[in-house]
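Trainee: I'd like a close look at a single part of this one, please. Pick a spot, stay with it, and then follow whatever leads away from it.

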Amino acid sequence: MNRKGRLVKRMNLQRYAASDMIDRTGAEALISEQVANEIIQGVAEQSTVLRMGRKLPNMSKKKYRMPVLDMLPVAYWVNGDNGFKQTSKMAWKNKYIIAEELAVIIPIPEAVLDDADYDIWGEVRPRAVEALGKKIDGAVLFNVEKPDTWRDGLVKGATDAGNVVTLAEKDSLYDKIMAEDGVIAKVEEAGFFPSGHMADVTMRAKLRGLKDSTGAPIFKSDVQGSTNYSLDGSPMDFPRNGAFDKTKALMITGDFSQLVYSIRQDVTYKLLTEATIVDPSTKEVIYALAQQDMVALRIVMRLGWEVPNPINSLKPTEAQRFPFAILKAAE
């Protein structure tokens, strides 16, 4: 082979290597540590449960044991100068956080990835974050597709404990929230002080419409400034990821320090290049990545949650004690 032929061959090899390097760089950009951290923060922002709940240290195993106070000591009066002092005790029981896996696979055509002017990750990331946050909130709040090992959600737990206030069409919303039979009082009667409120977005309009005896808005001091959505000094949050089901609850009030969660595995990524994606229900092939010139980004995280609900002096019976209450619409 002459010099010209060797030069052409070397240029072809360099062109192939450069093309291969561009594809690899694109894949690495998708699975970089910086992006992983951004997704973790994004899920916490999108999920109202993770934002308002209390994060425990990360789990080192699938099962996290959490000792919870289950018996309080009792003091006794002593009769006379020489009376016997009685003994008492405290007791704890174990509650467990079980980590379960949450995942999503996002197929992407290779042609899109190869387009250097297209911010593919800017399009994919918000949708992935929203999908993860919605699933977490749906399971923790309303039992929607919850893993079998997880406890019942907040709405079911509050209902079982009798912490339910029903709002009929002609009822006073103020009384149903703030009065002695309102949702805040239900939490207080259980021995907890509410630290926050989570509500459907329709509650914003209901609260803005509340007026005092003179006709002045209760939650708005002027028409120019933004409305301060807080109840009895505790902030309100209005989930917008589509997980809040207003047919089951208009508002959830409670001590959100009692909603604890732990992460077993932070968000991890894997770029699938030759996999076959099937429908989980029908097992029919949806995408054949190699044949369709596609790749798929698989995003996985593992986490679990619990409600410690420790014993207190106001409600010693666990079946009647729950640190959350709900406001629901009358059927």
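Mentor: We'll start in one loop, step into the helix after it, and then follow the salt bridges and a strand outward. Bear in mind that this is a predicted model, where local features need pLDDT of at least 70, side-chain atom pairs count only at pLDDT 80 or more, and totals for chains, interfaces and linings use all residues. Numbering runs from 1 along each chain as its sequence is written, and side-chain values use heavy atoms, with hydrogens and water left out.

The loop is the one between helix H5 (120-142) and helix H6 (154-160); helices (H or I, at least four residues) and strands (E, at least two) are DSSP runs, numbered from the N terminus. Go to Asn143, which sits in this loop. Its phi is positive, about 65°, although Asn143 is not a glycine. That catches the eye because most residues other than glycine have a negative phi. With a relative accessible area of 24%, Asn143 is partly exposed (buried means under 20%, exposed over 50%, partly exposed in between, using a 1.4 Å probe and protein chains only).

Glu145 belongs to the loop between H5 and H6 too. Here again phi is positive in a residue other than glycine, this time near 55°. At 62% relative accessible area, Glu145 is exposed.

Now move along to Arg151. Its salt bridge partner is Glu306, with the closest N and O atoms 3.4 Å apart (a salt bridge being a side-chain nitrogen of Lys or Arg within 4 Å of a carboxyl oxygen of Asp or Glu). Since Arg151 is in the loop between H5 and H6 while Glu306 is in strand S13, this pair ties together parts that are 155 residues apart in sequence. Arg151 is partly exposed at 21% relative accessibility, whereas Glu306 is buried at 9%.

Helix H6 has a pairing of its own. Lys156 and Asp160 form a salt bridge whose closest N and O atoms are 2.8 Å apart. The two are four residues apart in H6, so about one helical turn separates them. Asp152 joins in as well: Asp152, Lys156 and Asp160 are linked in a network of salt bridges. Lys156 counts as partly exposed, at 36% relative accessibility.

Back to S13, the strand that holds Glu306. S13 covers residues 294-306, and Met294 is part of it. Met294 is buried, with a relative accessible area of 9%. In sequence Met294 and Ile108 are 186 residues apart, yet their C-alpha atoms are 5.7 Å apart in space. Leaving aside neighbours within four places in sequence, Met294 is in contact (heavy atoms within 4.5 Å) with Pro107, Ile108, Pro109, Glu110, Thr273, Tyr287 and Leu289.

Past S13 there's one more link to look at. The structure holds eight salt bridges, and one of them joins the side chains of Glu318 and Lys95 at 3.4 Å, N to O. Glu318 is in the loop between S13 and strand S14 (324-329) and Lys95 is in strand S3 (residues 91-98), so the pair ties together parts that are 223 residues apart in sequence. Glu318 counts as partly exposed at 30% relative accessibility, while Lys95 counts as buried at 9%.
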